[in-house]
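Trainee: I am new to this structure and would like to learn how to read it. Please take me through it feature by feature.

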Amino acid sequence: MSDQLTYEQALEKLDEKLKVLEDGDLSLEDALKAVDEARVYLKVCTERLEAARKKIEVRPEPTE
Amino acid sequence: MLKPEEAQRPYTVTELANEIRRELRPLTAMLVKGEVTGMKQGAGGHYNFSIRDGVSRLDAVLFADDARRVTTLPEDGQVFIFRGRVDFFGKTGRLSFITDQVEFDDVGKLRARLEELKRRLELEGAFATGRKRRLPFLPQVVALITSPTGAVIHDLQETIWERYPNMGVVVYPVQVQGAAAPMSISRALRRCNEEGLAQVIVVARGGGSFEELYAFNTEIVARAILGSRLPVVTALGHTSDRTVADMVADVEARTPTEAGSRVVPKKADLMALLRERERRLDRETNQRLLRETEKLQTKRARLVQVLPAMVRVRVDRLAHAAANLARLSPVQQVARREEVLRERARRLAAAGTARMTRARNALASRRAPDRLERALLERFATEQRRLDHLRQQLVAFSPEAVLARGYSITIDAESGRVVRSAAETAVDRKVRIRLATGRLGARVEQVEP
């Protein structure tokens, strides 16, 4: 599920998890689950930041 | 009719053509104003068209090299001021106006045409904010459509990499000025979308006059931007009015630097943001675990207090259950019954013995004479047995028994005493000899004491 997420989507999910965690209404099991999920999203975010590869490519116009 | 002396060698056609060209040479750097008609692009990128006014018409050509330099490409129906020279082409026999510069005759009129284009686009909703595509939050590759030379591309790359050091950049070099610019730009936009190497497009140019920015006010470029699947950001400099391209673009930036910062987030900011989230997550986790640990410790303390009682109750219950189980077990039942039987047998035996003892005692007390008699009889029997023994001894010791073994007894015939030694008799004394069977009367003949 996290494979398709963009940085922005993963960050949004991460913030959702953080919010429910910080609201503090979760049972311990749910809280631990939420923490695990939040960490997955955090990892996705970090991966997305590093996914870009610095390069420069020039695509000249094809000659007619 | 020419007279012979007047006769000249005739020109060849080529000679005449060359002569005409020579004659036309002064007609250079001419400015001519006229309306364009029959515009078409020929082989090698040259443009052929006619310039006309109400009366006359002049063939014209715009060579590819010049076409790249002109600020605007003449279009049919428009009036321009053309700069160029007149030339004669011997091969085709045609006279042509070689255009090297094109200028709008009436900028006001051009602006009016531009306004008309804007109105049309407006009606189509091309400028509506709702139509605009959202820029990706974090592209991986940014496409730059701009002139490959100059400060613009340098500034764009600098800005992008300063903000995001590992951002990919793909450059589509285009002509941003000149007659070919609109086509060049719109082709690049289409290729960007077809190739899909980038997630966002920046169309940039380092500013310019109204004429220099002409390409960005053409419908062809506007349509290419509208038709783009990828979001388009314009960065056309800040020296002129907004172009149609700016208006239809998804984001309009003034400078390349601004465009760069619009399409690429600052990586450092994003990382700081993630670190902040991570800290919150850690804090939340730690607090929660701490809280749970405390709760657990409280519970453990309470458990330690109640445990002995609980264990006792459970041990009791367990014992009870075991007992129940044992009672119900068939083996145990048999064993228990056996035990009961044994117990009864023991009790019975004990009772029997006691009873008999009692009875015997009672009997004994009642039958004392019997006992006496029996005692006597017993005694008799004993004595009898002794007697028998003695008799047997007696028999064993009796003379008959000895005699039977070959011995004999000598008795003095007169005294009747048993002669035990030779000295007890004398020669000629009469003796009787008793044998096992029978007797002998004899006289002593010899005494050997």
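**A buried residue, then outward**

Mentor: Ile185(B) has a relative accessibility of 0%, so Ile185(B) counts as buried. Keep in mind that this is a predicted model.

Trainee: In which helix is Ile185(B) found?

Mentor: Ile185(B) belongs to helix α5 of chain B, residues 181–195.

Trainee: With which residues is Ile185(B) in contact, leaving aside its neighbours within four places in sequence?

Mentor: With that restriction, the contacts of Ile185(B) are Val174(B), Gln175(B), Val176(B), Ala215(B), Phe216(B) and Val221(B). Sequence and space can also be compared: Pro173(B) is 12 residues from Ile185(B) in sequence, and their C-alpha atoms are 8.8 Å apart.

Trainee: Let us turn to sheets. How do strands of a sheet pair?

Mentor: They pair through backbone hydrogen bonds, and the pairing is either parallel or antiparallel. In this model, 6 strands form an open sheet with parallel pairing, in the order β1(A)-β7(B)-β6(B)-β8(B)-β9(B)-β10(B). The edge strands, each pairing on one side only, are β1 of chain A (55–58) and β10 of chain B (251–253). From one strand to the next, the twist averages 20 degrees.

Trainee: How many bridges join β1(A) to β7 of chain B?

Mentor: There are 4 bridges between β1(A) and β7 of chain B, residues 168–173, and the two strands run parallel. Within this pairing, Lys55(A) stands opposite Gly168(B) of β7(B).

Trainee: Which helix lies across β1 of chain A?

Mentor: Helix α4 of chain B, residues 151–163, does; the same helix also lies across β6 (141–146), β7 and β8 (200–204) of chain B. Relative to β6(B), α4 runs at about 165 degrees.

Trainee: Which strands form the closed barrel?

Mentor: The barrel has 5 strands of chain B, taken as β1-β2-β3-β5-β4, and its pairing is mixed. Its twist averages 50 degrees from one strand to the next. One pair to look at is β1 (residues 30–41) with β2 (residues 47–52) of chain B, which is antiparallel and has 5 bridges. There, Gln41(B) has Tyr47(B) in β2(B) as its bridge partner.

Trainee: Which helix lies across β4 and β5 of chain B?

Mentor: That is helix α1 of chain B, residues 13–24, which lies across β4 (79–89) and β5 (94–104) and runs at about 140 degrees to β4(B).

Trainee: Now the aromatic rings. What describes a pair of them?

Mentor: Two values do: the distance of the centres and the angle of the planes. Over all chains, the structure holds 3 aromatic pairs. Tyr7(A) and Phe137(B) have ring centres 5.5 Å apart and planes at 5 degrees, so this pair is stacked. Tyr7(A) is in helix α1 of chain A (residues 7–23) and Phe137(B) is in the loop between α3 (107–124) and β6 of chain B, so the pair joins two chains.

Trainee: Is Tyr7(A) buried or exposed?

Mentor: Tyr7(A) is buried, because its relative accessible area is 2%. Phe137(B), with 33%, is partly exposed. For another pair, take Phe80(B) and Phe82(B): their ring centres are 5.9 Å apart and their planes at 55 degrees, so they are tilted. Both Phe80(B) and Phe82(B) are buried. Together with Phe49(B), they form one aromatic cluster.

Trainee: Which residue lies over the face of Trp161(B)?

Mentor: Lys54(A) does, at 4.2 Å from the ring centre.

Trainee: How many residues does the contact take from each chain?

Mentor: Chain A gives 35 residues and chain B gives 38 residues. The area buried between the two chains is about 3,400 Å², with 57% of it from carbon and sulfur atoms. Leu49(A), Arg59(A) and Glu61(A) supply 20% of the area that chain A buries against chain B, more than any other three residues.

Trainee: Last, the backbone. Which residue other than glycine has a positive phi near 80 degrees?

Mentor: Asp428(B) does, and its place is in the loop between β11 (409–412) and β12 (430–434) of chain B. Ala29(B) is not a glycine either, and has a positive phi of about 50 degrees. Ala29(B) lies in the loop between α1 and β1 of chain B. With a relative accessible area of 59%, Ala29(B) is exposed.

Technical notes: Residues are numbered from 1 along each chain as its sequence is written. Chains are lettered from A and ligands numbered from 1 in the order in which they are written. This is a predicted model: local features need pLDDT of at least 70, side-chain atom pairs count only at pLDDT 80 or more; totals for chains, interfaces and linings use all residues. Side-chain values use heavy atoms; hydrogens and water are left out. Two strands pair if DSSP finds at least two bridges between them. Axes are lines fitted to C-alpha atoms, for helices over the stretch in contact, and angles run from 0 to 180 degrees between N-to-C directions. Contact means heavy atoms within 4.5 Å. Rings of Phe, Tyr and Trp (its six-membered ring) pair if their centres lie within 6.5 Å; planes under 30 degrees apart count as stacked, over 60 as edge-to-face and the rest as tilted. Buried means under 20% relative accessible area, exposed over 50%, partly exposed in between (1.4 Å probe, protein chains only). A charge sits over a ring if NZ of Lys or CZ of Arg is within 6 Å of the ring centre and within 35 degrees of the ring normal. Buried area is the accessible area (1.4 Å probe) that two parts lose on being put together, summed over both.
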